[in-house]
Amino acid sequence: MSELTAWNSLIDALENEIQLLCRLRDLAKAGHKPLVELDVAAVEEWVGRQRELLQALSEAGSTRGRAQDACLPENARGAGGNGPLGSTITLHALVGRAPEPVGNRLRQQGDALRQLRDEIALVTTRNEILIQQVVEFTDHFGQGLAASTQDESYDQKGQHNDLTGSGDLFSGAM
């Protein structure tokens, strides 16, 4: 693989990763509505789509890692992994060795990756807060139903419910 081809492969791998991260960000934003509406079916579908996208991102990260490795000098290739050298070979470090137009493009892509990371972290945090609120509301609501001391509702057969303090109507629904 020629040097320019290796750099172009890295640019393509980063572009793919950026597109996938944009889709993940948009999907995370789309999760707001089903979470607020407590639409269980839509939340399950949303989670499934997130899993698929995260799998694709994992594969894109592996592809980018191989492309980054190909951009290293011959004697430094294969140095990736968990060792000290592998952890210091970053996109930022590669930008310095890239030809000027390629380096500029890689810098732009690195900035885009950082921006997307920050956006996704913000939206994910908001979604986590929504999920926590839903769980707390459901817990509080369920406890209120089960611990009710006076039941002025109707039972499952449509008769006036004369059960007091038993929580049987709620327990029966479970």
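**Notes on the core and the main pocket**

1. Let's start with the core. The largest nonpolar core has 31 residues, and Trp7, Leu10, Leu21 and Leu106 are the ones touching the most other members. The elements giving two or more residues to this core are α1 (3–30), α3 (40–71), α5 (91–97) and α6. The top contributor is α1, with 11 residues. Keep in mind that this is a predicted model.

2. Leu106 is worth a click. Setting aside residues up to four places away in sequence, Leu106 touches Trp7, Leu10, Ile11 and Leu14, and also Leu91, Val95 and Ala98.

3. Now have a look at Val102, which sits in helix α6 (residues 100–146). Is Val102 buried or exposed? Val102 counts as buried because its relative accessible area is 7%, under the 20% cut-off. Apart from neighbours within four places in sequence, Val102 is in contact with Leu4, Trp7 and Ile11. Ile11 is 91 residues away from Val102 along the chain, yet their C-alpha atoms are separated by 8.0 Å.

4. On to the pocket. The largest one holds about 240 Å³ of space. Of its 13 lining residues, Leu91, His92, Gly110, Leu113 and Arg114 are the closest to the centre. Two elements, α5 and α6, give two or more residues to the lining, and α6 gives the most, with 8 residues.

5. What is the lining of the largest pocket made of, in nonpolar, polar and charged residues? The split is 7 nonpolar, 3 polar and 3 charged. Leu91 turns up twice in these notes: it is among the residues closest to the pocket centre, and it is also touched by Leu106.

Terms used: Residues numbered from 1 in each chain as written. Predicted model: local features only at pLDDT ≥ 70, side-chain atom pairs only at ≥ 80, totals over all residues. Heavy atoms only, no water. Helix = DSSP H or I, 4+ residues; strand = E, 2+ residues; numbered from the N terminus. Buried < 20%, exposed > 50% of the residue type's maximum accessible area, 1.4 Å probe, protein only. Contact = heavy atoms within 4.5 Å. Core = buried A, V, L, I, M, F, W, Y, C linked by side-chain atoms within 4.5 Å. 1 Å grid on protein atoms, 1.4 Å probe; cavity = no way out; pocket = protein on both sides within 12 Å on 5 of 7 lines; lining within 4 Å. Points joined across faces, edges and corners; volume = space filled by probe spheres on them. Nonpolar A, V, L, I, M, F, W, Y, C, P; charged D, E, K, R; others polar.
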